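Biologist: I am new to this structure and should be grateful for a close look at a single part of it. Please concentrate on the salt bridges between helices, and then place that part among its surroundings.

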Amino acid sequence: MSKLRVGLLFGGRSGEHEVSIISARGIANALSAEENSHKYEILPFYIQKHGVWQVGEVAQQVLTSGVAKENPGNRGNLWQFPPQTAEIDLWFPILHGPNGEDGTIQGLLTLMQVPFVGSGVLGSATGMDKIAMKTAFAQAGLPQLKYKALTRAQIWSNPCVFPKLCDEIEATLGYPYFVKPANLGSSVGIAKVRSRQELEAALDNAATYDRRIIVEAGVVAREVECAVLGNDNPKASVIGEITFDSDFYDYETKYTQGKADLFIPAHLPESVVQQIQEKALQAFTAVDAAGLARVDFFYVEASGEILINEINTLPGFTSTSMYPQLWANTGISFPKLVDQLIQLAIERHSN
């Protein structure tokens, strides 16, 4: 019986390039594990930061070393994909951030008419754009924090408008709150603000990252997460909790060993666990996700409120990533998890 040729697609043109490489190494190890090695053949495809696709020796070197490789003097033809793409039976994209989990690469893979792991164009795009995501959550009746959606044009268009915009934000939301680019992952470009001066600086900074910006109310709450696995009949994992000493769960805290503590399963009342799991499945359906997602919540212990924060349709697979750890604690090992994701991709493609 021939092995399924899995195109492991990693790297990408985003600020999460290095994280993608680490995630790809984890997935490659899982595919090479004893229970999977007879099923799958790995063909690594590495997208360099400037957009050129690399396969063969270059891709394997990056996957083995975990170090990004660039050839700035030889940009090549960005649209000339390696001929090996025609050999792929199934794609496993592990591209984080813009051009990776926002529906763009999913559209390309859809045109290839080959199964791929994860959500399609709609689920990926909706899950990536925080404004579209929150609109979908509201439509599904999921409770969430107050927020205000802005555009870069509103922030930069007219110096006289800017103070009025800040006045409007302050009248709607009370300090502190968070300013976020709508389409970046891993807490890139996010700032916690406590004053008008910090608000102005944060808005200006966020506008350099994205043309859509969101300002969200702050809350004193426990940060908990739930992993989802499946297609039309998804299932939810145990609940995990994140604690950290930094001001918020920023990029450095998220991806530096020892900066944050994960408690799996979280110490929560069973009734709260069940509510979080139910809301995670609702969120998964609301954005039309498929395959996998991690759903993040705020649990306000004082009031018992459970507020949805966001959904990540292509979460990390690094040693510190919550998604594979949640499933490991639910009874699904890393190799088994990767195998199930591939089977789900095949199932979805056949329907």
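Modeller: What follows begins with the salt bridges and then turns to helix packing and to individual residues. The model is a predicted one.

The count of salt bridges comes to 15. One of them joins Asp167 and Arg196, whose closest N and O atoms are 2.3 Å apart. Asp167 belongs to helix H8 and Arg196 to helix H9, so this pair ties together parts that are 29 residues apart in sequence. Asp167 is partly exposed, with a relative accessible area of 42%. Arg196 also counts as partly exposed, at 24% relative accessibility.

Arg196 has a further partner in Glu170, and the side chains of these two residues meet in a salt bridge of 2.9 Å, N to O. Here again the residues come from two helices: Arg196 lies in helix H9 and Glu170 in helix H8, so the pair ties together parts that are 26 residues apart in sequence. Glu170 is partly exposed, its relative accessible area being 28%. Through salt bridges that share partners, Asp167, Glu170, Arg196 and Glu200 are joined into one network.

Helix H9, which spans residues 196-209, also holds Gln197. Gln197 is exposed, with a relative accessible area of 64%. From C-alpha to C-alpha, Gln197 and Cys166 are 10.0 Å apart in space, while 31 residues separate them in sequence.

Helix H8 is linked to a strand as well. Lys148 forms a salt bridge with Glu168, and the closest N and O atoms of the pair are 2.7 Å apart. Lys148 lies in strand S5 (residues 147-151) and Glu168 in helix H8 (residues 161-172), so parts that are 20 residues apart in sequence are tied together by this pair. The two partners fall into separate classes of accessibility: Lys148 counts as buried at 17%, whereas Glu168 counts as partly exposed at 41%.

A charged residue without such a partner may be set beside these pairs. Glu310 is found in strand S13 (residues 305-312). Glu310 is buried yet has no salt bridge, and the nearest side chain of opposite charge, that of Lys130, is 4.3 Å away. A salt bridge requires a side-chain nitrogen of Lys or Arg within 4 Å of a carboxyl oxygen of Asp or Glu. Apart from residues up to four places away in sequence, Glu310 touches Lys130, Met133, Phe137, Arg294, Val295 and Asp296.

Lys130 and Met133 appear again in a contact between two helices. Helix H5 (residues 121-128) and helix H6 (residues 130-139) pack at an angle of about 105°, and their axes are 5 Å apart. H5 and H6 are therefore roughly perpendicular to each other. From H5 the contact draws on Thr126, Gly127 and Met128, and from H6 on Lys130, Ala132, Met133 and Ala136. By class, these residues comprise four nonpolar, two polar and one charged.

Helix H13 takes part in two further packing arrangements. In one, helix H1 (residues 17-31) and helix H13 (residues 334-350) pack at about 90°, with 8 Å between their axes. H1 and H13 are therefore roughly perpendicular to each other. H1 contributes Gly26, Ile27, Ala30 and Leu31 to the contact, and H13 contributes Phe334, Pro335, Val338 and Ile342. Seven nonpolar residues, one polar residue and no charged residues make up the contact of H1 with H13.

In the other arrangement, the axes of helix H12 (residues 322-330) and H13 come within 9 Å and cross at roughly 105°. That angle makes H12 roughly perpendicular to H13. Tyr323, Pro324 and Trp327 of H12 meet Phe334, Leu337 and Leu341 of H13. The residues of this contact divide into six nonpolar, no polar and no charged. Phe334 of H13 thus has a place in the contact with H1 and also in the contact with H12.

Helix H13 includes a charged residue too, namely Asp339. Asp339 counts as buried, at 6% relative accessibility. Its neighbours within four places in sequence aside, Asp339 is in contact with Asn36, Lys39 and Tyr40.

Technical notes. Residues numbered from 1 in each chain as written. Predicted model: local features only at pLDDT ≥ 70, side-chain atom pairs only at ≥ 80, totals over all residues. Heavy atoms only, no water. Axes fitted to C-alpha atoms, helices over the stretch in contact; angles between N-to-C directions. Helix = DSSP H or I, 4+ residues; strand = E, 2+ residues; numbered from the N terminus. Parallel < 35°, antiparallel > 145°, perpendicular 65-115°, else oblique. Contact = heavy atoms within 4.5 Å. Nonpolar A, V, L, I, M, F, W, Y, C, P; charged D, E, K, R; others polar. Buried < 20%, exposed > 50% of the residue type's maximum accessible area, 1.4 Å probe, protein only. Lys, Arg positive; Asp, Glu negative; His and termini not counted.
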